Amino acid sequence: MRIGHGYDLHRLDALKPQGSGRPFVLGGVRIDAPRGPVAHSDGDALLHAVTDAVLGALGLPDIGQLFPDQDPRHDGADSAAFLRDAVDRMHAAGFQIGNIDCTVICEVPKVGPHKESIASNIARLLCCGRDQVNVKGKTHERVDAVGEGRAIEVHVVALLVARTAAS
Ligand code: MG
C-alpha cells in the first residue's frame, strides 16, 4: 500500500467582474457563495488536493508540474480532468483507492450541507465506493487569512492499495 498527502490553498475574492474570484466550486460541486477562488483553472482546491494526494502516494510529479498554471489550455479548466489523469496513472501503476480523508477549512460557504454530494462526486472520480471517501468541513475560528474569508485551505490524506482483478 502507499500513502499520500495533498494540500492546497486558494485566495478568495469577490466574484468577477467586481473582483477576480471565479464561481465557487468544491469537489466538483458548484456552491453559491459571495466570494470565489482566484485561480488559473476553476480553482477547485479540494480536487487539487485530492489529485496531489494520489500523485504523492505514487511518487509522481505534483499537479503544478503536470498541469502548469502558465499553460493557456488550463485557463478555467475543470479540475476533474486533473484528477481523472491522476486516477489513470494510479490504475496504470497497479493501485486503487483504499480510502481518502479530506479536511476543508473555510469560513464561507459552510461545507456541511454539501458534504454528501461532494463525497459522492469524489468517489465517482476516484472509481471507488462512497464509503471510501470522507469529507470534513471546519472554520478557521475567524483568525488569519482563512478565518477572515480571504482564502480556502484543504488537506487530504489518501491510502492506495494494490488493485484487485475485479476493480
Ligand atoms: Mg490549486
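Cysteine 102 is buried in this predicted model, with a relative accessible area of 0%. What is the nearest cysteine sulfur to that of cysteine 102? The sulfur belongs to cysteine 128 and is 9.9 Å away. A disulfide requires two cysteine sulfur atoms within 2.5 Å, so cysteine 102 is in no disulfide. Cysteine 127 is also in no disulfide, and there the nearest cysteine sulfur, again that of cysteine 128, is 7.9 Å away. Unlike the buried cysteine 102, cysteine 127 is exposed, with a relative accessible area of 54%. The count of disulfides comes to 0. As a reminder, a disulfide is a covalent bond between the sulfur atoms of two cysteines.

Attention now turns to the metal site. Which residues hold the protein donors of the magnesium ion? They are Asp8, through OD, His10, through NE2, and His48, through ND1, and these donors lie 2.1 to 2.2 Å from the ion. Along the chain, the donors follow the spacing D-x1-H-x37-H. Histidine 10 belongs to strand β1, which covers residues 2-14, whereas histidine 48 belongs to helix α1, covering residues 45-57; the pair therefore ties together parts that are 38 residues apart in sequence. Are these two histidines buried or exposed? Both histidine 10 and histidine 48 are buried.

Histidine 48 also has a polar partner. Its side chain is joined to that of serine 41 by a polar contact of 3.3 Å. Serine 41 sits in the loop between β4 (35-37) and α1. With a relative accessible area of 6%, serine 41 falls under the 20% limit and is therefore buried. Once its neighbours within four places in sequence are left aside, serine 41 is in contact with Arg22, His48, His74, Gly76, Ala77, Ser79 and Phe82.

Phe82, one of those contacts of serine 41, leads to the next feature. How many aromatic pairs does a search of the whole structure find? The search finds 1, formed by phenylalanine 67 and phenylalanine 82. The two rings are 4.5 Å apart, centre to centre, with 25° between the planes. Since an angle under 30 degrees counts as stacked, the pair is stacked. Phenylalanine 67 is in the loop between α2 (63-66) and α3 (80-92), while phenylalanine 82 is in helix α3, so the pair ties together parts that are 15 residues apart in sequence. Phenylalanine 67 and phenylalanine 82 are both buried.

Technical notes:
Residues numbered from 1 in each chain as written. Predicted model: local features only at pLDDT ≥ 70, side-chain atom pairs only at ≥ 80, totals over all residues. Heavy atoms only, no water. Donors = N, O, S within 2.8 Å, 3.2 Å for Na, K, Ca; no water. Helix = DSSP H or I, 4+ residues; strand = E, 2+ residues; numbered from the N terminus. Buried < 20%, exposed > 50% of the residue type's maximum accessible area, 1.4 Å probe, protein only. Polar contact = N/O pair within 3.5 Å; in protein donor to acceptor, adjacent residues only side chain to side chain. Contact = heavy atoms within 4.5 Å. Phe/Tyr/Trp six-rings, centres within 6.5 Å; stacked < 30°, edge-to-face > 60°.
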